[in-house]
Amino acid sequence: MDSIKDSYIQVQPLGGFDKPLTYRFKPTAYNNIRLGSLVLIPLGKRKINGIVWSFEEDIPKPEFKVHAILSVIQREPVLTPELMQLASWISQYYVCAMETCLEAMIPSSIREGMKAKSRKLISLKKTELNKSKIPSRATSQQKVISFLEKRSKSVALGELLKKTSTSATTIKTLIQKGLILETEEKVERVAYEDDFLDSADHVIAKIELTSEQKVAVSEISQDLKEKSFVTRLLSGITGSGKTEVYFEAMEMALAQGGGVLFLVPEVTLAPQTVSRLRMRFGNEKIVVWHSHLSGGERLDAWRSLIKNESRIVVGARSAVFAPISKLRLIIVDEEHEISYKQEDNPRYHARDVAIVRAKTEEALCLLGSATPSLESMNNVQKGKYDISKLTLRVDNRELPLVHLVDMRREAEKIKTLPILSQPLIEALRERCVNREQSILFLNRRGFNTTMLCTDCGHVEGCKYCSIALTYHRTDGYLKCHLCGYRKPTPRCCSKCKSFDLHKRGHGTQKIEDMVADLLPRTTRIRRIDRDVMSKKNLFRETLSDFRKGKIDVLVGTQMIAKGLDFPKVTLVGVIDADLPLRMEDFRASERAFQMLVQVSGRSGRGNRAGEVFIQTYAPYSPSIQYARKADLDGFVDEELAMRKEFNYPPYRHLIRHLFRSRSEAKVEFYITKWTSLIKKSNLREITVKGSAPAPIAKINGYYRHHLFYFTHSVRNALEKLGTLREQFPMDSEVHDVLDVDAHQIS
Ligand code: ADP
Ligand code: ZN
Ligand code: ZN
């Protein structure tokens with residue numbers, strides 16, 4: 001009676017099923033199974049991997065037929081119990097299949113149970129060499145032996161083959177003859193190895209903290225000493241030395257024996273942070289965690305965390321799931337950045353997940369920004385978060401002097417719409433003379449924006465999306481920045497066949513060209529945007545060259561707007577400050593304000609004072625005025641008052657319900673039907689707005705309509721919406737998705 005001895009466990013399948021299922025297993029055979037272990041299970045006709053989700057040792061044998069697990073793939077847990085709890089929370093709050101959540105949380109190499117990479121080492125056998133076993137004509141065998149004799153240590157197989165130009169068969173023969181030995185060694189792949197180099201500018205010695213930094217550090221120290229869970233907002237102006245405060249906090253958390261998670265908004269910012277961290281925490285092993293890691297790199301990172309060999313993780317959004325043991329501190333740098341929100345399932349916000357995680361694991365969550373989100377400011381006002389403020393730049397440096405350039409007046413002067421204003425051009429020239437660095441910021445890639453027919457007014461658009469194509473001069477193509485569609489630039493209008501096609505607007509490529517024409521020939525100009533930076537390492541090389549002073553003018557998109565610390569930059573030019581304001585989005589002014597303050601903050605971070613020129617057609621709009629003075633409190637007060645009046649976030653949660661279909665008629669029909677059902681149902685606590693076509697009404701061939709729900713309780717709203725949705729007969733060609741706490745509403 002074998003089955004009596006069986007135990008039962010619940011396993012969450014990785015794929016194919018959304019709930020944990022009961023399986024049986026033999027404790028004697030698998031006495032090493034733990035919560036979070038990876039096992040192979042039968043599911044229907046398939047065999048798939050699953051995670052041990054709970055033990056039910058005491059339950060009696062279930063009535064129904066229970067399958068046995070097939071094998072244990074990996075005993076080491078792929079998720080900690082706390083992360084399993086977090087997975088459940090995410091799946092509920094963001095309305096997402098558990099499977100998809102787990103996919104986001106666990107790198108595929110781990111889900112598949114990949115083995116750690118090892119390499120083969122070759123060494124001479126210690127025993128007396130019996131060279132007589134090698135025939136004299138076997139020169140390559142002899143070569144190998146003499147090479148190994150010269151080296152006292154073992155040699156990697158790959159290296160040996162290369163250096164002696166021999167084949168693997170030769171080595172095999174020697175092994176068979178018992179002359180040499182093959183062993184395996186586990187290889188650690190460390191990401192960003194070469195970032196050790198780039199830190200010459202930074203001071204290694206611990207710096208004397210400013211008095212404001214000291215206050216912040218002592219507040220954090222109290223948090224760490226006295227409380228299990230706190231969220232603290234570090235609101236510090238650009239260049240006030242927030243990073244130094246993070247480092248002090250880390251030092252304290254590490255001293256308590258805790259682990260630290262350091263989130264940055266953008267993968268590209270990780271190397272900078274890592275090199276600063278390495279200077280400071282030289283003897284700690286730092287794990288870099290992001291989606292560009294190779295399978296092997298991730299696996300190694302994962303293992304060193306699970307085994308508690310590393311205690312510091314740096315990474316972008318998905319690093320919030322890194323399996324750090326004894327987590328004590330989570331830092332969310334630039335917490336206002338919308339890149340923390342994933343625009344794909346699971347549509348989680350890494351900052352909010354970080355806070356939930358800190359709560360479950362009893363850690364301190366430290367949010368930092370020069371331009372905190374209104375959500376966080378509101379949470380401070382409500383007393384949910386504590387706050388520490390840094391109001392001064394280090395070394396009494398001044399914030400840069402900000403000039404608003406009224407582009408309407410500039411246009412009058414020269415009777416046409418200028419791209420670069422005279423004051424900005426003069427300031428650039430002055431920097432060239434003084435050998436100082438400049439940054440020009442424009443959040444639009446490409447050369448010109450659009451191709452406009454001046455006869456019929458037609459703008460060349462994407463075949464699959466409802467947006468204009470962007471002209472890229474480097475290859476002469478028109479490209480869609482949403483779906484990647486491209487076509488050669490047409491000679492004549494594709495609507496009326498007129499030859500009066502004109503390029504309108506300007507992107508980063510064009511600015512780069514214009515600046516080159518305006519400045520002395522010797523000026524070194526480089527561009528950073530997604531077009532250039534798709535090439536591996538180019539971003540890091542360019543930043544490193546800029547830091548070393550090998551570049552005079554850096555032209556770029558938002559990729560250069562945040563977090564970077566270049567002390568020699570004394571000029572920042574914002575080409576089109578109104579761009580974010582033109583978005584149909586209630587967060588438009590918040591975004592504009594944040595963008596301007598952040599870009600401006602790149603100027604004057606060294607010994608020389610900085611200047612900023614903001615080109616705008618709306619110089620009196622509040623976000624631009626407040627940004628000019630870097631008046632965070634002023635802006636927050638005014639903007640929060642407005643949000644409150646409309647009962648918008650952060651005063652209520654916003655859930656976006658997006659319907660998509662290849663059929664325009666169907667998407668319209670079903671969303672209209674759904675909207676009237678929901679309005680009729682008169683759900684308490686949910687205010688419905690819409691429906692309407694999304695601002696980008698078509699992407700990749702899919703028509704998009706949406707409606708919005710405003711609510712005080714996401715949980716209640718989802719419950720009610722869920723019940724209704726289950727009974728709603730939706731066409732199979734229409735897909736709908738909920739985006740809880742939606743940020744991107746385009
Ligand atoms: P923030 O992130 O607040 O914009 P950083 O942390 O990047 O600012 O700091 C700006 C610069 O000031 C960095 O080069 C940093 O090394 C330096 N710094 C920070 N704290 C101090 C201090 N107490 N004394 C001198 N320099 C400091
Ligand atoms: Zn035309
Ligand atoms: Zn497109």
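Colleague: In which helix is the place of Thr243?
Modeller: Helices are DSSP runs of H or I with at least four residues, strands are DSSP runs of E with at least two, and both are numbered from the N terminus. The run that holds Thr243 covers residues 242–255, and this run is helix H8.

Colleague: What kind of model is this, and how are its residues and chains labelled?
Modeller: Residues are numbered from 1 along each chain as its sequence is written, chains are lettered from A and ligands numbered from 1 in the order in which they are written, and side-chain values use heavy atoms, with hydrogens and water left out. Local features need pLDDT of at least 70, side-chain atom pairs count only at pLDDT 80 or more, and totals for chains, interfaces and linings use all residues, for this is a predicted model.

Colleague: Does Thr243 count as buried or exposed?
Modeller: A residue is called buried under 20% relative accessible area, exposed over 50%, and partly exposed in between, using a 1.4 Å probe and the protein chains only. The relative accessibility of Thr243 is 19%, so Thr243 counts as buried.

Colleague: What distance separates the C-alpha atoms of Thr243 and Asp333?
Modeller: Along the chain, Thr243 and Asp333 are 90 residues apart. In space, the separation of their C-alpha atoms is 8.6 Å.

Colleague: How many helices and how many strands does the protein have?
Modeller: By the DSSP runs described above, the protein has 30 strands, and its helices number 22. As for the whole chain, the radius of gyration (taken over C-alpha atoms, with the globule rule being 2.2 Å times the number of residues to the power 0.38) is 30 Å, close to the 27 Å that the rule gives for 746 residues, so the protein is as compact as a globular protein of that length. The full tally is therefore 22 helices and 30 strands.

Colleague: What percentage of the residues in the protein is buried?
Modeller: The count is taken over the 746 residues in the protein, and by the cut-off of 20% given earlier the buried share is 54%.

Colleague: Which residues does Ser7 touch, apart from those up to four places away in sequence?
Modeller: Ser7 lies in strand E1, which covers residues 7–13, and Ser7 is buried, with a relative accessible area of 12%. Contact means heavy atoms within 4.5 Å, and leaving out the residues up to four places away in sequence, Ser7 touches Tyr23, Arg24, Phe25 and Pro27.

Colleague: How many salt bridges does a search of the whole structure find?
Modeller: Side chains of opposite charge can pair when their charged atoms come close. A salt bridge is a side-chain nitrogen of Lys or Arg within 4 Å of a carboxyl oxygen of Asp or Glu, and the number found in the whole structure is 37.

Colleague: Which residue does Arg232 meet in a salt bridge?
Modeller: The side chain of Arg232 reaches that of Asp386, with N to O at 3.9 Å, and this pair links distant parts of the chain, 154 residues apart, from strand E9 (residues 230–236) to strand E15 (residues 386–390). Arg232 counts as buried at 6% relative accessibility, whereas Asp386 is partly exposed at 29%. Both belong to a network of salt bridges that also holds Glu219, Asp223 and Lys227, and the partner asked for is Asp386.

Colleague: Which residue forms a salt bridge with Asp565?
Modeller: The closest approach in this pair, N to O, is 2.7 Å, and the partner of Asp565 is Arg605. The pair links distant parts of the chain, 40 residues apart, with Asp565 in the loop between strand E24 (553–556) and strand E25 (569–574), and the other residue in the loop between helix H18 (588–600) and strand E26 (611–616). Asp565 is buried, and so is its partner, Arg605.

Colleague: What is the omega of the peptide bond from Asn345 to Pro346?
Modeller: Most residues other than glycine have a negative phi, and most peptide bonds are trans. Pro346 is found in the loop between strand E13 (327–333) and helix H11 (350–360). The peptide bond from Asn345 to Pro346 is cis, with omega near -10°.

Colleague: What is the phi of Ser165?
Modeller: Ser165 is found in the loop between helix H5 (157–164) and helix H6 (168–176), and Ser165 counts as exposed at 57% relative accessibility. Although Ser165 is not a glycine, its phi is positive, at about 40°.
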